[in-house]
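User: I'd like a close look at one part of this protein, with a bit of its surroundings. Could you walk me through it?

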Amino acid sequence: MSVHVFQPLADIRVVEFCQIAAGPFCGMLLADLGADVVKIENPAGGDAMRTWPPFSEGFSENFASLNRNKRSVALDLKTPEGRVAALDLCRQADVIVENNRPGVMDRLGLGYDRLHTFNPNLVYCSISGFGQKGPRANEGGFDVSIQAMAGVMSVTGQANSEPVKCGVPISDFSTGLYAAYSIATALRAVEAGSGGAFIDVSLMGATLGVAALQTSEFFGTGAIPRKLGSAHPRNAPYRAFRSANGHFVMAAGNDALWALVCQVIERPNLRTDPRFSSVSVRARNQDEMLPLLEDVFVTRDSEHWLERFRAAGVPCAPINNYQQALADPQVEAMGWISELDLPSGVRTRTFGNPVLFNGQTTPIRRGPPELGEHTDEVLTETRKKVELEKSKAVIS
(Lines give C-alpha, C1' and ligand atoms only; values in the text may rest on other atoms or scores of the structure.)
Protein backbone atom coordinates (compact mmCIF):
# COMPACT_ATOMS: atom_id res chain seq x y z
CA MET A 1 0.00 0.00 0.00
CA SER A 2 1.53 3.30 -1.12
CA VAL A 3 1.74 6.21 1.31
CA HIS A 4 0.45 9.56 0.07
CA VAL A 5 3.19 12.17 0.30
CA PHE A 6 1.81 15.50 1.43
CA GLN A 7 3.23 18.09 -1.00
CA PRO A 8 0.61 20.87 -1.19
CA LEU A 9 2.99 23.33 -2.87
CA ALA A 10 4.07 20.97 -5.66
CA ASP A 11 2.75 23.30 -8.37
CA ILE A 12 4.41 26.42 -6.93
CA ARG A 13 7.62 27.93 -8.34
CA VAL A 14 9.65 29.99 -5.85
CA VAL A 15 12.63 32.10 -6.89
CA GLU A 16 14.91 32.79 -3.94
CA PHE A 17 17.42 35.66 -3.82
CA CYS A 18 18.71 34.97 -0.31
CA GLN A 19 21.81 34.30 1.74
CA ILE A 20 22.76 32.96 5.17
CA ALA A 21 19.75 32.07 7.35
CA ALA A 22 16.34 33.79 7.47
CA GLY A 23 15.63 33.78 3.72
CA PRO A 24 17.12 30.35 2.95
CA PHE A 25 15.24 28.85 5.92
CA CYS A 26 11.99 30.30 4.55
CA GLY A 27 12.77 28.88 1.11
CA MET A 28 13.58 25.46 2.54
CA LEU A 29 10.30 25.31 4.47
CA LEU A 30 8.44 25.95 1.21
CA ALA A 31 10.59 23.42 -0.62
CA ASP A 32 9.89 20.78 2.02
CA LEU A 33 6.20 21.17 1.21
CA GLY A 34 6.84 20.51 -2.48
CA ALA A 35 7.59 23.92 -3.98
CA ASP A 36 10.15 24.10 -6.78
CA VAL A 37 12.60 26.52 -5.15
CA VAL A 38 15.17 27.99 -7.53
CA LYS A 39 17.99 29.62 -5.58
CA ILE A 40 19.73 32.45 -7.45
CA GLU A 41 23.39 32.76 -6.46
CA ASN A 42 26.33 34.89 -7.52
CA PRO A 43 28.76 32.77 -9.58
CA ALA A 44 31.61 34.23 -7.50
CA GLY A 45 31.10 32.17 -4.37
CA GLY A 46 27.32 31.96 -4.06
CA ASP A 47 25.51 32.08 -0.74
CA ALA A 48 28.07 33.12 1.89
CA MET A 49 26.98 30.23 4.08
CA ARG A 50 28.75 27.91 1.64
CA THR A 51 31.96 29.06 3.37
CA TRP A 52 30.78 28.18 6.88
CA PRO A 53 32.28 25.10 8.55
CA PRO A 54 31.97 22.24 9.26
CA PHE A 55 32.86 20.85 5.84
CA SER A 56 32.41 17.31 4.54
CA GLU A 57 34.82 16.82 1.66
CA GLY A 58 34.72 20.55 1.01
CA PHE A 59 30.93 21.04 1.26
CA SER A 60 29.43 23.08 4.10
CA GLU A 61 27.14 21.11 6.40
CA ASN A 62 25.67 24.43 7.64
CA PHE A 63 24.68 25.33 4.08
CA ALA A 64 23.26 21.85 3.57
CA SER A 65 21.03 22.22 6.63
CA LEU A 66 19.16 25.17 5.06
CA ASN A 67 19.14 24.39 1.37
CA ARG A 68 17.81 20.89 0.77
CA ASN A 69 15.15 20.36 -1.92
CA LYS A 70 16.35 23.41 -3.91
CA ARG A 71 17.94 23.99 -7.32
CA SER A 72 20.83 26.43 -7.71
CA VAL A 73 21.17 28.84 -10.62
CA ALA A 74 24.33 30.95 -10.83
CA LEU A 75 23.66 34.42 -12.29
CA ASP A 76 25.70 37.61 -12.15
CA LEU A 77 22.98 40.19 -11.56
CA LYS A 78 25.43 43.00 -12.24
CA THR A 79 25.44 42.06 -15.93
CA PRO A 80 22.62 42.71 -18.41
CA GLU A 81 22.55 39.02 -19.34
CA GLY A 82 22.19 37.96 -15.72
CA ARG A 83 19.40 40.44 -15.06
CA VAL A 84 17.47 39.39 -18.18
CA ALA A 85 17.70 35.72 -17.20
CA ALA A 86 16.58 36.54 -13.65
CA LEU A 87 13.70 38.66 -14.96
CA ASP A 88 12.49 35.79 -17.15
CA LEU A 89 12.59 33.48 -14.15
CA CYS A 90 10.73 35.95 -11.95
CA ARG A 91 8.03 36.61 -14.53
CA GLN A 92 7.16 32.91 -14.44
CA ALA A 93 7.36 32.54 -10.66
CA ASP A 94 4.54 32.24 -8.18
CA VAL A 95 6.69 33.49 -5.30
CA ILE A 96 9.78 35.67 -4.92
CA VAL A 97 11.75 35.61 -1.67
CA GLU A 98 14.60 38.09 -1.22
CA ASN A 99 16.62 39.32 1.74
CA ASN A 100 18.62 42.19 0.32
CA ARG A 101 18.57 45.66 1.81
CA PRO A 102 15.57 47.75 0.74
CA GLY A 103 16.00 49.19 -2.74
CA VAL A 104 18.51 46.65 -4.06
CA MET A 105 15.97 44.59 -6.01
CA ASP A 106 14.45 47.75 -7.51
CA ARG A 107 17.88 48.85 -8.75
CA LEU A 108 18.33 45.43 -10.36
CA GLY A 109 14.99 45.78 -12.15
CA LEU A 110 13.56 42.94 -10.06
CA GLY A 111 11.47 44.86 -7.55
CA TYR A 112 7.87 44.12 -6.70
CA ASP A 113 6.34 47.07 -8.56
CA ARG A 114 7.88 46.01 -11.86
CA LEU A 115 7.26 42.28 -11.48
CA HIS A 116 3.69 42.83 -10.34
CA THR A 117 2.88 44.47 -13.67
CA PHE A 118 3.87 41.25 -15.42
CA ASN A 119 2.18 38.96 -12.91
CA PRO A 120 -0.66 40.37 -10.76
CA ASN A 121 -0.82 37.09 -8.83
CA LEU A 122 2.81 37.23 -7.72
CA VAL A 123 3.54 36.78 -4.02
CA TYR A 124 6.68 38.79 -3.29
CA CYS A 125 8.31 38.49 0.14
CA SER A 126 11.07 40.87 1.22
CA ILE A 127 13.02 39.92 4.34
CA SER A 128 15.16 42.61 5.96
CA GLY A 129 16.56 43.68 9.28
CA PHE A 130 14.01 46.37 10.10
CA GLY A 131 11.39 46.49 7.35
CA GLN A 132 10.94 48.37 4.11
CA LYS A 133 10.15 51.75 5.67
CA GLY A 134 11.04 53.79 8.72
CA PRO A 135 14.25 55.41 10.00
CA ARG A 136 16.16 52.11 10.25
CA ALA A 137 15.03 50.60 6.95
CA ASN A 138 18.45 50.88 5.32
CA GLU A 139 20.39 49.49 8.28
CA GLY A 140 21.71 45.95 8.06
CA GLY A 141 20.39 43.41 10.50
CA PHE A 142 22.20 40.35 11.85
CA ASP A 143 20.87 37.92 14.40
CA VAL A 144 23.04 39.14 17.27
CA SER A 145 22.37 42.83 16.62
CA ILE A 146 18.64 42.21 16.38
CA GLN A 147 18.65 40.14 19.58
CA ALA A 148 20.32 43.12 21.24
CA MET A 149 17.99 45.77 19.82
CA ALA A 150 14.74 43.80 20.16
CA GLY A 151 15.31 43.04 23.84
CA VAL A 152 16.20 39.34 23.78
CA MET A 153 19.62 39.88 25.31
CA SER A 154 18.09 41.93 28.13
CA VAL A 155 16.24 38.84 29.41
CA THR A 156 18.86 36.20 28.60
CA GLY A 157 21.37 34.99 31.18
CA GLN A 158 21.69 35.23 34.94
CA ALA A 159 20.60 38.37 36.77
CA ASN A 160 24.06 39.89 37.05
CA SER A 161 25.69 38.38 33.98
CA GLU A 162 27.25 40.25 31.10
CA PRO A 163 25.07 40.45 27.98
CA VAL A 164 24.68 37.11 26.23
CA LYS A 165 22.59 36.13 23.23
CA CYS A 166 20.26 33.20 22.92
CA GLY A 167 22.42 30.24 21.85
CA VAL A 168 20.11 29.50 18.90
CA PRO A 169 19.79 32.27 16.26
CA ILE A 170 16.20 32.94 17.21
CA SER A 171 15.87 36.20 15.26
CA ASP A 172 16.92 34.67 11.94
CA PHE A 173 14.83 31.55 12.24
CA SER A 174 11.67 33.08 13.67
CA THR A 175 11.76 35.53 10.76
CA GLY A 176 12.05 32.65 8.29
CA LEU A 177 9.03 30.99 9.91
CA TYR A 178 6.96 34.20 9.77
CA ALA A 179 7.89 34.61 6.11
CA ALA A 180 7.02 31.04 5.13
CA TYR A 181 3.62 31.00 6.82
CA SER A 182 2.81 34.45 5.38
CA ILE A 183 3.68 33.24 1.88
CA ALA A 184 1.53 30.13 2.29
CA THR A 185 -1.37 32.31 3.44
CA ALA A 186 -0.93 34.71 0.51
CA LEU A 187 -0.92 31.79 -1.92
CA ARG A 188 -4.27 30.73 -0.51
CA ALA A 189 -5.56 34.25 -1.21
CA VAL A 190 -4.27 34.03 -4.79
CA GLU A 191 -6.09 30.74 -5.19
CA ALA A 192 -9.27 32.40 -3.96
CA GLY A 193 -8.95 35.14 -6.59
CA SER A 194 -7.68 37.99 -4.42
CA GLY A 195 -4.49 38.56 -6.42
CA GLY A 196 -0.88 38.66 -5.26
CA ALA A 197 0.72 40.44 -2.34
CA PHE A 198 3.86 42.20 -1.19
CA ILE A 199 4.99 40.78 2.15
CA ASP A 200 7.35 42.82 4.34
CA VAL A 201 8.96 40.64 7.04
CA SER A 202 11.67 41.96 9.32
CA LEU A 203 14.00 40.40 11.87
CA MET A 204 13.16 43.18 14.32
CA GLY A 205 9.42 42.66 13.99
CA ALA A 206 9.59 38.88 14.13
CA THR A 207 11.81 38.93 17.21
CA LEU A 208 9.44 41.28 19.02
CA GLY A 209 6.54 39.14 17.81
CA VAL A 210 7.81 35.98 19.49
CA ALA A 211 8.44 37.97 22.69
CA ALA A 212 4.72 38.28 23.36
CA LEU A 213 5.03 37.42 27.06
CA GLN A 214 7.71 40.05 27.60
CA THR A 215 6.00 42.82 25.64
CA SER A 216 2.66 42.14 27.33
CA GLU A 217 4.36 42.24 30.73
CA PHE A 218 5.65 45.70 29.93
CA PHE A 219 2.37 46.94 28.44
CA GLY A 220 0.37 45.53 31.35
CA THR A 221 2.52 46.68 34.26
CA GLY A 222 5.05 49.19 33.00
CA ALA A 223 7.74 46.97 34.52
CA ILE A 224 10.73 46.15 32.34
CA PRO A 225 11.24 42.36 32.01
CA ARG A 226 14.57 41.26 33.48
CA LYS A 227 17.03 38.39 33.38
CA LEU A 228 15.97 35.40 35.44
CA GLY A 229 18.39 32.74 34.23
CA SER A 230 16.32 29.58 33.76
CA ALA A 231 13.50 30.81 36.02
CA HIS A 232 10.07 32.02 34.94
CA PRO A 233 8.58 35.38 36.00
CA ARG A 234 5.10 33.94 36.65
CA ASN A 235 5.60 30.25 37.49
CA ALA A 236 7.53 28.45 40.23
CA PRO A 237 9.08 26.00 40.69
CA TYR A 238 9.88 26.23 36.98
CA ARG A 239 13.62 26.26 36.30
CA ALA A 240 16.91 24.38 36.42
CA PHE A 241 17.91 22.94 39.80
CA ARG A 242 21.26 21.78 41.14
CA SER A 243 21.60 18.10 42.05
CA ALA A 244 24.42 15.93 43.41
CA ASN A 245 25.96 15.51 39.93
CA GLY A 246 24.85 18.52 37.92
CA HIS A 247 21.52 20.09 37.07
CA PHE A 248 18.07 19.12 35.81
CA VAL A 249 14.91 21.02 34.93
CA MET A 250 11.58 20.66 36.69
CA ALA A 251 8.41 22.59 35.86
CA ALA A 252 5.51 22.55 38.31
CA GLY A 253 3.40 25.37 36.94
CA ASN A 254 0.18 24.79 38.87
CA ASP A 255 -1.01 23.94 42.38
CA ALA A 256 -1.63 20.26 41.64
CA LEU A 257 1.90 19.79 40.36
CA TRP A 258 3.32 21.72 43.33
CA ALA A 259 1.52 19.30 45.64
CA LEU A 260 3.17 16.39 43.82
CA VAL A 261 6.59 18.03 44.14
CA CYS A 262 6.15 18.34 47.90
CA GLN A 263 5.11 14.70 48.00
CA VAL A 264 8.10 13.47 45.96
CA ILE A 265 10.65 15.34 48.08
CA GLU A 266 8.81 14.44 51.29
CA ARG A 267 8.39 18.04 52.43
CA PRO A 268 4.64 18.38 53.11
CA ASN A 269 5.27 21.54 55.15
CA LEU A 270 6.20 23.44 51.99
CA ARG A 271 2.75 22.86 50.57
CA THR A 272 1.15 24.74 53.47
CA ASP A 273 3.83 27.41 53.71
CA PRO A 274 2.07 30.78 53.05
CA ARG A 275 5.04 31.91 50.94
CA PHE A 276 4.17 29.18 48.43
CA SER A 277 0.37 29.11 48.62
CA SER A 278 -0.39 29.81 44.94
CA VAL A 279 1.32 30.05 41.58
CA SER A 280 1.69 33.83 41.70
CA VAL A 281 2.86 33.83 45.31
CA ARG A 282 5.41 31.09 44.60
CA ALA A 283 6.70 33.08 41.64
CA ARG A 284 7.19 36.16 43.82
CA ASN A 285 9.01 34.11 46.47
CA GLN A 286 10.98 31.77 44.25
CA ASP A 287 14.32 33.11 45.47
CA GLU A 288 13.36 31.88 48.94
CA MET A 289 12.04 28.61 47.53
CA LEU A 290 15.19 27.75 45.57
CA PRO A 291 17.54 26.90 48.48
CA LEU A 292 14.81 24.92 50.24
CA LEU A 293 14.40 22.68 47.20
CA GLU A 294 18.06 22.45 46.28
CA ASP A 295 18.97 21.40 49.83
CA VAL A 296 16.97 18.27 49.02
CA PHE A 297 18.02 17.86 45.40
CA VAL A 298 21.77 17.92 46.13
CA THR A 299 21.42 14.76 48.19
CA ARG A 300 20.83 12.62 45.07
CA ASP A 301 21.86 12.74 41.41
CA SER A 302 19.77 14.18 38.59
CA GLU A 303 18.75 10.75 37.29
CA HIS A 304 17.15 9.90 40.64
CA TRP A 305 15.01 13.03 40.68
CA LEU A 306 14.06 12.73 37.01
CA GLU A 307 12.87 9.17 37.61
CA ARG A 308 10.88 10.18 40.69
CA PHE A 309 9.26 13.23 39.08
CA ARG A 310 8.37 11.35 35.88
CA ALA A 311 6.74 8.63 37.92
CA ALA A 312 4.71 11.26 39.76
CA GLY A 313 3.70 13.04 36.54
CA VAL A 314 5.68 16.22 37.16
CA PRO A 315 7.20 17.66 33.94
CA CYS A 316 10.99 17.43 34.13
CA ALA A 317 13.98 16.98 31.84
CA PRO A 318 17.72 16.48 31.71
CA ILE A 319 19.76 19.39 30.35
CA ASN A 320 20.98 17.79 27.13
CA ASN A 321 23.73 18.78 24.79
CA TYR A 322 22.92 18.34 21.10
CA GLN A 323 24.45 14.88 20.91
CA GLN A 324 22.14 13.78 23.70
CA ALA A 325 19.12 15.63 22.31
CA LEU A 326 19.46 14.05 18.86
CA ALA A 327 19.92 10.61 20.41
CA ASP A 328 16.69 10.83 22.41
CA PRO A 329 14.38 7.94 21.44
CA GLN A 330 11.56 10.39 20.75
CA VAL A 331 13.57 11.87 17.87
CA GLU A 332 13.87 8.45 16.25
CA ALA A 333 10.22 7.62 16.90
CA MET A 334 9.10 10.78 15.10
CA GLY A 335 11.43 10.19 12.15
CA TRP A 336 12.95 13.64 12.34
CA ILE A 337 16.48 12.73 11.23
CA SER A 338 17.11 11.85 7.59
CA GLU A 339 20.12 10.91 5.53
CA LEU A 340 21.29 13.58 3.11
CA ASP A 341 23.58 13.25 0.09
CA LEU A 342 25.99 16.14 -0.44
CA PRO A 343 27.39 17.14 -3.85
CA SER A 344 30.82 16.16 -2.51
CA GLY A 345 29.67 12.54 -2.47
CA VAL A 346 29.42 12.38 1.31
CA ARG A 347 26.28 10.98 2.90
CA THR A 348 25.47 12.92 6.06
CA ARG A 349 22.46 13.35 8.30
CA THR A 350 20.15 16.31 8.77
CA PHE A 351 17.24 17.28 10.96
CA GLY A 352 14.27 17.36 8.62
CA ASN A 353 10.87 18.98 8.80
CA PRO A 354 9.62 18.42 12.38
CA VAL A 355 5.96 18.61 11.31
CA LEU A 356 4.23 15.35 10.41
CA PHE A 357 1.37 15.31 7.90
CA ASN A 358 -0.86 12.27 8.11
CA GLY A 359 1.77 10.61 10.25
CA GLN A 360 4.60 11.22 7.78
CA THR A 361 7.38 13.77 7.62
CA THR A 362 7.94 15.57 4.32
CA PRO A 363 10.53 13.83 2.14
CA ILE A 364 13.93 15.08 1.06
CA ARG A 365 13.57 15.00 -2.71
CA ARG A 366 17.04 16.30 -3.45
CA GLY A 367 20.15 17.18 -1.49
CA PRO A 368 21.58 20.69 -1.23
CA PRO A 369 22.80 21.93 -4.61
CA GLU A 370 26.31 22.62 -5.78
CA LEU A 371 26.74 26.26 -6.77
CA GLY A 372 25.10 26.67 -10.18
CA GLU A 373 24.33 22.97 -10.44
CA HIS A 374 21.00 23.58 -12.14
CA THR A 375 21.77 26.72 -14.16
CA ASP A 376 21.52 25.11 -17.61
CA GLU A 377 18.55 22.97 -16.60
CA VAL A 378 16.48 25.84 -15.22
CA LEU A 379 17.40 28.41 -17.87
CA THR A 380 16.53 25.92 -20.62
CA GLU A 381 13.13 25.36 -19.01
CA THR A 382 12.66 29.11 -18.76
CA ARG A 383 13.56 29.77 -22.40
CA LYS A 384 11.08 27.15 -23.53
CA LYS A 385 8.33 28.76 -21.47
CA VAL A 386 9.20 32.23 -22.79
CA GLU A 387 9.09 30.96 -26.38
CA LEU A 388 5.77 29.25 -25.71
CA GLU A 389 4.30 32.45 -24.28
CA LYS A 390 5.51 34.41 -27.29
CA SER A 391 3.99 31.91 -29.70
CA LYS A 392 0.67 32.04 -27.87
CA ALA A 393 0.75 35.83 -28.03
CA VAL A 394 1.29 35.75 -31.80
CA ILE A 395 -1.56 33.28 -32.33
CA SER A 396 -3.96 35.32 -30.21
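Is C316 buried or exposed? And what does the sheet around there look like?

Analyst: Keep in mind that this is a predicted model. C316 is buried, because its relative accessible area is 17%, which falls under the 20% cut-off.

Now for the sheet. C316 falls within β11 (316-318), one of the edge strands, and the other edge strand is β9 (238-243); each of them pairs on one side only. The sheet is an open one built from three strands, in the order β9-β10-β11, with antiparallel pairing. Going from one strand to the next, the twist averages 30°. In general, strands of a sheet pair through backbone hydrogen bonds, either parallel or antiparallel. Here, β9 and β10 (residues 246-251) are joined in the antiparallel sense over six bridges. If you want a spot to click on, Y238 stands opposite A251 in β10. Packed on the sheet is helix α14 (residues 302-312), which touches β9, β10 and β11. Its direction makes about 15° with that of β10.

Staying with that helix for a moment, R308 sits in α14. R308 counts as partly exposed because its relative accessible area is 32%. For a sense of scale, the C-alpha atoms of R308 and L122 are separated by 56 Å, and the two residues lie 186 residues apart along the chain.

Back to C316, since a cysteine raises the disulfide question. A search of the whole structure turns up zero disulfides. For C316 the reason is distance: the closest cysteine sulfur, in C262, is 16 Å from its own sulfur, so that is too far for a bond. C26 makes a handy comparison case. The sulfur of C26 has its closest cysteine sulfur in C125, at 5.4 Å, and that is too far for a bond as well. The cut-off for a disulfide is 2.5 Å between the sulfur atoms. C26 is buried too, with a relative accessible area of 0%.

One last stop, ahead of β9 in the sequence: E217, found in helix α9 (residues 212-221). Its side chain makes a polar contact of 3.3 Å with the side chain of R234. Setting aside neighbours within four places in sequence, E217 is in contact with G222, A223, P225, P233 and R234. So R234 turns up both as a polar partner and on the contact list, because contact there means heavy atoms within 4.5 Å.

Methods
Residues are numbered from 1 along each chain as its sequence is written. This is a predicted model: local features need pLDDT of at least 70, side-chain atom pairs count only at pLDDT 80 or more; totals for chains, interfaces and linings use all residues. Side-chain values use heavy atoms; hydrogens and water are left out. Helices (H or I, at least four residues) and strands (E, at least two) are DSSP runs, numbered from the N terminus. A polar contact is a pair of N or O atoms within 3.5 Å; within protein, one must be able to donate a hydrogen and the other to accept it, and residues adjacent in sequence count only if both atoms are side-chain atoms. Two strands pair if DSSP finds at least two bridges between them. Axes are lines fitted to C-alpha atoms, for helices over the stretch in contact, and angles run from 0 to 180 degrees between N-to-C directions. Buried means under 20% relative accessible area, exposed over 50%, partly exposed in between (1.4 Å probe, protein chains only).
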